[in-house]
Amino acid sequence: YGRHVKWFQDMPTAGGAEVLDRFAAIAAGRSVYEALTPPQGPVHLNFPFREPLVIDVPDPGRGVDIMQPRVIPSILSAAPQEIHEIAHSLRAFRHGLILAGPGFMRPVLDHILRLSHVLQWPIFADPLSNIRGLNHRIFGTYDSFLRIHPDTFPAPECVIRLGAPMTSKALNRYTENSWIYSLDGDNSYREPQLQKGQVISGQIEPALRELTQNLTDLSIVTDSQWYQFWQQNHENMLVTLQKKIGRLQEPAEPYLYYHLVRWIKPLGPLDIFVSNSMPIRDLDTFTQDPDENIQFWANRGANGIDGIISTTMGIAAVHSQAVLVTGDLAFYHDMNGLLAATKYHLNVLVIVINNNGGGIFSFLPQSKINPTEFEALFGTPHGLSFEPVASLYQAQYRRAEAVKELDRAITELVPLKGLRILEWRTVNRSENVILHEKFWQT
């Protein structure tokens, strides 16, 4: 029924049982919420049949296992009375985290800082929140120290998440058993982990303002040592990253993300679009020094390689310039999007990380299968050089295969106008896994 009902959702036809159960639980919870929220009305869940229309007949002697879904978060509005009740409930939690997820959080930065100060909870900021690096209370190294010492950190009792779910898998695993208050603005039902807690429906700014005011009026028992513990881990990790990046001699992908902001700063106010898979994850881990003149974008929630270049061109058309950091497969998949830069004289710097295939799959369980099958189905090497592409679309081109070459190439391309393409030839995908693992070794 599409737009003729209050809410519509196509359900999947296939997938792992855990994925289907999780998605079904989320869809069921949201459909009830949408149907009962005034004005009440119908919703439509569309369950397509899988072709051919046959099923596997179960063994009648075997019972059917019915998985119990995790708790589906209840939904509260951001009305003053409900925010007041949340503030009172927060008095029960001394050890918590404030998670600033993807979504432009700069307009509410003062409210987030005030909340952190009142509760004495640290702020863990996703790079796509665009507040990382803007205040000393904001920490961004959690993905690193949670990987190095995954079992040595005390579990938080509660998390307050603003915006979409965090990029870091290590952080999401670490907090998955904590009580959660999720405040996501217009997208008020994004809670894929199905944590115990409550979703607060409403705009972030007024809800935060009301919450911090209520907490200020209450007698909150805080633990300053909790905040100081995380601050110390963050500062130690900054030093560790600096040392380990400084020792890199190989053309390693983390090197690019660690120095990216320093290289790009001369361009002034700038938008950087980061591709999915490895680029956004490496940005989360290694880019620790953003400033207020840089805004990061990514298609989190719509993961894939479709339209990465075209999206960047749209950003450049609106904001006069843009930088794209992308993998080789995503670049190859949307090369036709480069025509927009030539046709409309757009200022775009494209940094292509070329490791000859899909780098992220080498970090996933698929990497354990037969090497020949893995390369054919997941690694998908292409053996391409992208210099002819630059020629086709009249772009300035540089190719780097060593750390010093990368420094020089970006320095040369940054001040130029028009379309510029930098091809960064990194170590092979299996070596990339080893290099990443070295970062998580003490």
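Biologist: Where does Ala-395 lie?
Modeller: This is a predicted model, so we're reading a computed structure here. In it, Ala-395 isn't part of a helix or strand; look just before strand 14 and after helix 14 (387–392). That spot is the loop between helix 14 and strand 14.

Biologist: Does Ala-395 count as buried or exposed, and why?
Modeller: The cut-off to keep in mind is that buried means under 20% relative accessible area. Ala-395 comes in at 15% relative accessibility, so Ala-395 counts as buried.

Biologist: Which residues is Ala-395 in contact with, leaving aside its neighbours within four places in sequence?
Modeller: One of them, Ala-390, sits in helix 14, which spans 387–392. Others belong to strand 15 (419–425). The full list is Ala-390, Leu-419, Arg-420 and Ile-421.

Biologist: How many Å apart in space are Ala-395 and Thr-342?
Modeller: Along the sequence, 53 residues separate the two. In space, going C-alpha to C-alpha, the distance is 8.1 Å.

Biologist: Let's move on to helix 15: which of its residues are buried, and why are they on the same side?
Modeller: Helix 15 runs over residues 403–413. Its buried residues are Val-403, Leu-406, Ala-409, Ile-410 and Leu-413. They share a side of helix 15 because they cover an arc of only 125° around the axis.

Biologist: And which residues are exposed on the other side of helix 15?
Modeller: For this we need residues over 50% relative accessible area, the cut-off for exposed. On that other side, the ones to look for are Lys-404 and Thr-411.

Biologist: What covers the buried residues of helix 15?
Modeller: The cover includes one helix and some strands. Remember strand 14 (396–400), which comes after the loop holding Ala-395? It's in the cover, which includes helix 8 (253–264), strand 13 (347–354), strand 14 and strand 15.

Biologist: Zooming out, what percentage of contacts between residues at least 6 apart join residues at least 24 apart?
Modeller: The protein chain has 442 residues, and 49% of them count as buried. Its secondary structure comes to 16 helices and 15 strands. Among those contacts, the share joining residues at least 24 apart is 73%.

Biologist: Where is confidence lowest and highest in the protein chain, going by strand?
Modeller: The chain averages a pLDDT of 87, with 90% of the residues scoring at least 70. Where pLDDT is low, the predicted coordinates should not be read in detail. The lowest mean, 62, belongs to strand 3 (residues 74–77), and the highest, 98, to strand 5 (residues 123–125).

Key
Residues numbered from 1 in each chain as written. Predicted model: local features only at pLDDT ≥ 70, side-chain atom pairs only at ≥ 80, totals over all residues. Heavy atoms only, no water. Buried < 20%, exposed > 50% of the residue type's maximum accessible area, 1.4 Å probe, protein only. Helix = DSSP H or I, 4+ residues; strand = E, 2+ residues; numbered from the N terminus. Arc of directions from axis to C-beta. Contact = heavy atoms within 4.5 Å. pLDDT = per-residue confidence, 0-100.
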